[in-house]
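Here's a small set of exercises to work through with a viewer open. Try each one before you read the solution.

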Amino acid sequence: MKHKLSATSVGGRLSLAAAVVAMTTGLAHAALFSENFNSLAGSLGPSVNERISPTVRTTAVATDAGSVPIPNAFSHTGPAGWTVDNSFNNFGLGTVDDAAVPPGVPELGNPLYGVDEWEGWSFADKVFWYTGDDQTRSSFTKGVGTVAVADSDEWDDLRISPTARAGFMDTGMTTGNINVAAHNFQVLDLTFDSSWRPEAFDDSHVDPAFTDLNNQSAVVYASFDGDTPMQIEFWDSNSAGGSYKPDAQNETVTASMFVPGGATNLKLTFGYFNAANDWWWAVDNLALKDAGANTVWSEDFESVTLGDSVNERLGGKTTVVETTPNTFPYPDAFTHTPPSGWNIDNSGGLPGIGDPAVGVEEWEGWSFANPKFWTFAAMEGRQLFTKGTGVVAVADPDEWDDLGNPEGIGTFNSMLETPSIDISSLALAPGALSMKFDSSWDDEDTQTAIIEVDYGSGYVEVLRWESDPLSPFFHDTNYNETVLLALDNPLGATTARIRFGLVNSTDDWWWAVDNIRVGVIPEPATTVLISLAMSGLALFGFRRRS
């Protein structure tokens, strides 16, 4: 496969730095912070109350002569910088216990009350956690090695004295400082793997007035530079309430937060509270990333209204004029009406428009189509565009030519133009703008794909794919790729229009796009630029695929 490298910004194409940006998308959303707790594996201590007696797992006091501890089991000490708060009061928003006893972990340190391993947040070997009493804990397959666990069900298995429940469990764990100074006014995404099983309103309390008020709850807070924490995630076990979360024992959760101006450090707190003999919350594989919050505009074409087909008809799949007897339209198939503000320009030449016997109407220029309908028209690889969902934008001269031989009259040329996009937030950040989109491309003959951008002074080309294998712009068939393209915005630009063109085509193949995002991708570090350049890597391209 051959690609084109432009070392300077000539004719609107990418600079060397921008080309490297396009090839190093991993840097665009590199994690600011990550934690999987596996660094604790070598420091996990022996169990205390979860014991072997003599070969059977049992829960007993640590002094039980008929049992032995399990090695390398758990710790209440987290990674460096992390803290566990076993007097967690939900940052002043309250817990059930507040009105009766101090919030926290009742009888903490009492060897006869509460299973030590699960007194508040614990960092436990996952196999140790679930082999005591599985009850579907082992379904947390996304958790690997050491996981963070708050498990009131297991904690409640030791209550020899006093016999009555002393209160509900309230516990929090907080990260160390995470540097966010470079991400002011941006949105960050926190992702983590989670195992949650709810239960509520069924346990006694030391104060009878609070019996059956337990409502196992989970919360995530973000706090910048010690300011008032903001809640970014909240669940509880009240099935009749608006925050109820049903069983979700093996999921990946994403929570977003906005970084205020001037912020330097962030701390995240995971709270588990109002829990008695309920179930658990376990988390693993935390990552905090730039959410691409600097996305200034996006389009997935889902807003368009699709109409019935015209020439691609049911009745033994056929491509015929609309009035052909015993054929029927395919419902909810396509439209040539773009989303609000978009424009389709076929003035470059598109034979057959307006003639019902020349050119398949569905594919006369750019169309917006249901992917199922598009593949109904003909598969031939179209069905492999799995990244395109709902509605996709399609330029398909292969299908266009299936009625009346329009290629005998001329070539297919169609441009699809976005609305004016406000990029004023980047006026002082030249070269920062980029675009990401999903693409299905099948090359043939002279068919050419282009992308151009207008910042107010006319369109300039930023991408060209040609079908000639000998061309420096040759782009081989790829039915299902994600393209990341630097748009090279100039200093002071406040608006941008982008257009996608499929030109110089006859009875060739197609180009389809979906899920377009326009925003900012950080420049890679100088060391990355150097290492790529020195490696001899062929920087022959201005898009990347995944």
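The exercises below go from the whole chain to a small sheet, then to salt bridges and nonpolar cores; keep in mind that this is a predicted model.

**Exercise 1. Get a feel for the whole chain: how many helices and strands does it have, and what percentage of its residues is buried?**

Solution. Start with the secondary structure: there are six helices and 32 strands. Next, look at burial: of the 546 residues, 53% are buried. Then check the surface, which comes to about 21700 Å², with carbon and sulfur atoms supplying 53% of that exposed area. Finally, turn to the contacts: taking those between residues at least 6 apart in sequence, 78% join residues at least 24 apart.

**Exercise 2. Work out the strand order in the open sheet of three strands, and say which strands sit at its edges.**

Solution. Begin with S2, residues 50-52, which pairs with S3 in the antiparallel sense over three bridges. For a landmark in that pairing, find Glu-50, which stands opposite Thr-59 in S3. Now add the remaining strand: the order reads S3-S2-S4, with antiparallel pairing. That leaves S3 (57-59) and S4 (68-69) as the edge strands, each pairing on one side only. As a reminder, strands of a sheet pair through backbone hydrogen bonds.

**Exercise 3. Take the salt bridge between Asp-398 and Arg-382: which parts of the chain does it tie together, and are its two residues buried or exposed?**

Solution. First get the distance: the side chains meet at 2.8 Å, N to O. Then place both residues. Asp-398 lies in helix H5 (residues 397-400), while Arg-382 is in the loop between helix H4 (371-377) and strand S24 (392-395), so the pair ties together parts 16 residues apart in sequence. On to burial, where the cut-off is under 20% relative accessible area. Asp-398 is buried at 10%, and Arg-382 is buried too, at 1%. Last step, look around the pair: Glu-380, Arg-382, Asp-396, Asp-398 and Glu-399 are linked in a network of salt bridges.

**Exercise 4. Now do the same for Glu-452 with Arg-499, and for Asp-156 with Arg-159.**

Solution. In the salt bridge between Glu-452 and Arg-499, the closest N and O atoms are 2.5 Å apart. Glu-452 belongs to strand S28 (residues 448-454) and Arg-499 to strand S31 (residues 495-505), so this pair ties together parts that are 47 residues apart in sequence. Glu-452 counts as buried at 13% relative accessibility, whereas Arg-499 is partly exposed at 21%.

For Asp-156 and Arg-159, the closest N and O atoms are 3.1 Å apart. Asp-156 is buried, with a relative accessible area of 8%, and Arg-159 is partly exposed at 26%. If you're tallying, the chain's salt bridge count comes to 17.

**Exercise 5. Find the largest nonpolar core: how many residues has it, and which strand gives the most to it?**

Solution. Start from the residues with the most contacts inside the core: Met-435, Ile-451, Leu-487, Phe-500, Trp-511 and Ile-516. The core has 60 residues, and strand S32 (residues 510-520) gives the most, with seven. Now zoom in on Leu-487: leaving out residues up to four places away in sequence, its contacts include Leu-433, Met-435, Val-453, Ile-498 and Val-518. To finish, look for the second, separate core, which has 57 residues, among them Tyr-113, Val-180, Ile-232 and Leu-288.

Methods
Residues are numbered from 1 along each chain as its sequence is written. This is a predicted model: local features need pLDDT of at least 70, side-chain atom pairs count only at pLDDT 80 or more; totals for chains, interfaces and linings use all residues. Side-chain values use heavy atoms; hydrogens and water are left out. Two strands pair if DSSP finds at least two bridges between them. Helices (H or I, at least four residues) and strands (E, at least two) are DSSP runs, numbered from the N terminus. Buried means under 20% relative accessible area, exposed over 50%, partly exposed in between (1.4 Å probe, protein chains only). Contact means heavy atoms within 4.5 Å. Accessible areas come from the Shrake-Rupley method with a 1.4 Å probe; for residues, only the protein chains shown count as cover. A salt bridge is a side-chain nitrogen of Lys or Arg within 4 Å of a carboxyl oxygen of Asp or Glu. A nonpolar core is a set of buried Ala, Val, Leu, Ile, Met, Phe, Trp, Tyr and Cys residues joined through side-chain atoms within 4.5 Å.
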